[in-house]
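Trainee: Please take me slowly through one part of this structure, and tell me how each statement about it is reached.

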Amino acid sequence: MDNIPAWVCPSCQRGVLTNELKELRTHEKVSSKAAHRHEAWEPEWMTGYLSGALTCSNSTCGERVGILGYYRCSEHNYYDEVTGEPEMEIFEILSPTTFHPPIHIFHVNDDVPEAIRIEIISAFNLYWMDAASCANKIRVVVERVMDSLKVVKTYKSSNKRKSYSLHQRIEFFKTNFPQYADSLMAIKWIGNSGSHNHDPIDKNDILDAFEILEYVLGNLYETRTKRIHKLTKTINKRKKPVGLRLSRKPLF
């Protein structure tokens, strides 16, 4: 219980979650306890559930994050360096399946629109439960990005309103943002895999998608990035400096 990863607090985004209050506990399953009576029983047979809360280390926050999951045991055999006698240690390997509130896999900038932020945090929560569902949710995030940037969504055919596919919308998006279209297309392919049983997906694939998504969102929505992009276009168009008034606030 002492080797908890340095997960950042989802509330203040400053402190890290700790088990200092010792509220995180494991509970061995009934079937696991019954197996102790088997003549071939080994400590690695022990399995059970994980529950409790972690506490933010930031004293001005103190958020308590609920956690549920499961655990299994692993046996480590070695020889004592002093006595030379064989020794054995039992480790509990913890696997969380949910956090409340959800911990953030990456930092979501305040400039990201709320509709997109909601879907991202939902994807963070699904990451621990189900990789395929998480992949689908990340695909929804890309849809929300298209919506926020007013990328055309529907067209009229035979007097009926029909929807463009996400693939088509990303192609439209590429006209104004060619540097990010390929990245979003890559996320779309990962999201598609989450819908197909014959195309397995794991957490490493999800982390790839999150990494790409963090890069795209950081460049599309962060105020500084947008300002630099606009400033660059303005200077190149004018072919001369724009002056302090247009480029930034006075330093003093």
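Mentor: A residue counts as buried when its relative accessible area is under 20%. C56 has a value of 6%, so C56 is buried. This is a predicted model, and the protein averages a pLDDT of 90, with 93% of the residues scoring at least 70. Confidence is not even across the elements, for helix 8 (residues 244-247) has the lowest mean pLDDT, 48, whereas helix 4 (residues 166-173) has the highest, 97. Where pLDDT is low, the predicted coordinates should not be read in detail.

To stay with C56 a little longer, its nearest cysteine sulfur is that of C12, 3.6 Å away. A disulfide requires the two sulfur atoms to lie within 2.5 Å, so this pair is not counted as one, and the protein's count comes to zero disulfides.

From there we can turn to the part I would examine most closely, helix 2 (114-129). Its 16 residues should span 22 Å, and because its end C-alpha atoms are 23 Å apart, the two values agree. Many of its residues can be named as buried, among them I116, I120, F124 and W128, and what covers the buried residues of this helix includes strand 5 (86-100), helix 3 and helix 6. I120 deserves particular attention, since among the 48 residues of the largest nonpolar core it is one of those that touch the most other members, along with I138, L184, I206, F210 and L217. Helix 2 supplies at least two residues of that core, as do strand 3 (47-56) and helix 6 (203-221), among others. Leaving aside residues up to four places away in sequence, I120 touches F106, V108, V141, L213 and L217.

Terms used:
Residues are numbered from 1 along each chain as its sequence is written. This is a predicted model: local features need pLDDT of at least 70, side-chain atom pairs count only at pLDDT 80 or more; totals for chains, interfaces and linings use all residues. Side-chain values use heavy atoms; hydrogens and water are left out. pLDDT is the predictor's confidence in each residue, from 0 to 100. Helices (H or I, at least four residues) and strands (E, at least two) are DSSP runs, numbered from the N terminus. A nonpolar core is a set of buried Ala, Val, Leu, Ile, Met, Phe, Trp, Tyr and Cys residues joined through side-chain atoms within 4.5 Å. Buried means under 20% relative accessible area, exposed over 50%, partly exposed in between (1.4 Å probe, protein chains only). Contact means heavy atoms within 4.5 Å. The expected span of a helix is 1.5 Å times one less than its number of residues.
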